[in-house]
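User: I am new to this structure and would like to understand the terms used to describe it. Could you take me through it slowly?

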Amino acid sequence: MKDFEFYNPVRIFFGKDQVSRITEQVHAGSRVILIYGGGSIFKNGVYDRVKAALKGFELTEFGGIEPNPTYETSMKAVEIIKQKKISYIIAAGGGSVIDATKFIAAAALFKNGDPWKILSESAEVTEAIPFGCVLTLPATGTEMNKNSVISRKSTTEKLAFSVPPVFPKFSILLPDAAGTLPQQQVANGIVDAFVHVTEQYLTYPVNAPIQDRFAEAIMITLIEEAPKVYAKPDDYEAMSNLMWSATMALNGIISCGVPGDWSVHSIGHELTAFHNIDHARTLAIVLPGLWKTLKEEKKEKLVQYAGRVWNIKSGTDDEKADAAIDKTEKFFQSLGLGTRLSDYGVKKDTIDKIVKRFEDRKWLSMGDRELTTPGTTRKALEIQL
Ligand code: NZQ
Ligand code: ZN
């Protein structure tokens, strides 16, 4: 196992009766802004529940955060926050609303020029406005981590940052509110959470049995719960298990002391930037291609994954690895996700653009043992054409 530091200060309130906890969590006398997306919180009752919990606070509202939240919209919220001297933020919605809130919270106190530098130059973030989250969509894990992914329309870029000041102070997880999700968003959530686990697991063995078995437990749970919650998003029990799996997948626990490989995400973000494909759908395309390309290098872990997660016990190591990749791709397809670029009308010219972009950014070797080069990226995407 490698050396590691683990720190996660996010207080979690899980379950349908927890919204009222906001009242005690927000500092008395705070000037609060409620940030939300395109209006789902009005349909699932979350807006009314949050408003009731914030009764007694001076409250401003800012709606319209889009899926794949943008710098442009976020900066409008930053203006309002500065004007109104807001001191606490509540984010209510899915990963996009929470990610935007993280950027807004940091940008509002950023003193070093254009806050885009937080993303483009990894500019230091020393402080952020405190915020709490009300999560209505299980997927990203953003409710319990310090990551945020923001797009910039003007440059068709999608970049991430990760800094401790944007850990939420608390997050309220609402499986009941997630019951109004359309099926394809539930599918997206399952696949995103699953790939978060594989990005921290499917590398090479470092004798970290706890982390491996935690990761395998999350994947097995996702595979078991997926058909139930996909068929019936308002199955409260199944949605609860999906929601907690998604949180556990990316709150830092399974990455302790093990190598990671976020290449599937890095390539996927480019497909979203160029074609606006849903985040999880990009992962379902990239992952099988990248694993096929790096099968030899990742074989030991692929064989372990085949046996423990998919119960593939017979055949040579090579056959087991192939079967595990195939099972994974079929799992994504069983949830209605296309795993080919052609499913989204994406052609070879996009592969050229992505490869060029990585070269221009000098992202010449990424991920596990720096195995993902522009050449690997090209090969992985060509397999999925
Ligand atoms: O905007 P509203 O009206 O709220 O509707 C949303 C949105 O249209 C809707 N929705 C949310 N909760 C609902 C609901 N509809 C009905 N009932 C509910 N209960 O769902 C749509 C998608 O929401 P969004 O927040 O975009 O989805 P998700 O949670 O999957 O977030 C995706 C974003 O997170 C980033 C992605 O790149 C993408 O931008 N990620 C963030 C990560 C992190 N911070 O750690 C890690 C991930 O890998 C990911 O990159
Ligand atoms: Zn993701």
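Analyst: In this predicted model, V32 stands opposite L59 in strand 3. Residues are numbered from 1 along each chain as its sequence is written, chains are lettered from A and ligands numbered from 1 in the order in which they are written, and side-chain values use heavy atoms, with hydrogens and water left out. Because the model is predicted, local features need pLDDT of at least 70 and side-chain atom pairs count only at pLDDT 80 or more, while totals for chains, interfaces and linings use all residues.

User: What makes strand 2 and strand 3 a pair?

Analyst: Strands are DSSP runs of E with at least two residues, helices are runs of H or I with at least four, and both are numbered from the N terminus. Two strands pair if DSSP finds at least two bridges between them; strand 2 (residues 31-36) and strand 3 have 5 bridges in the parallel sense, so they meet the definition.

User: Which helix packs on the sheet and touches strand 2, strand 3 and strand 4?

Analyst: That is helix 4 (residues 71-84), whose direction makes about 160° with that of strand 3. Contact means heavy atoms within 4.5 Å, and the angle, on a scale from 0 to 180 degrees, is taken between N-to-C directions of lines fitted to C-alpha atoms, for helices over the stretch in contact.

User: Why is strand 4 called mostly covered?

Analyst: Buried means under 20% relative accessible area, exposed over 50% and partly exposed in between, with a 1.4 Å probe and protein chains only. In strand 4, 6 of its 6 residues are buried: Y88, I90 and A92 point one way, whereas I89, A91 and G93 point the other way. Strand 4 also pairs in the parallel sense with strand 2 over 5 bridges, where I33 stands opposite I89, and 5 bridges join strand 4 to strand 5, where G93 stands opposite L135.

User: What makes D192, H196, H265 and H279 donors of the zinc ion (ligand 2)?

Analyst: Donors are N, O and S atoms within 2.8 Å of the metal (3.2 Å for Na, K and Ca), and sites may look incomplete because water is not among the atoms. D192 (OD), H196 (NE2), H265 (NE2) and H279 (NE2) lie 2.0 to 2.2 Å from the zinc ion, so they qualify as donors.

User: How do you know that H196 and H279 count as buried?

Analyst: H196 has 3% relative accessibility and H279 has 17%, so both fall under the cut-off for buried.
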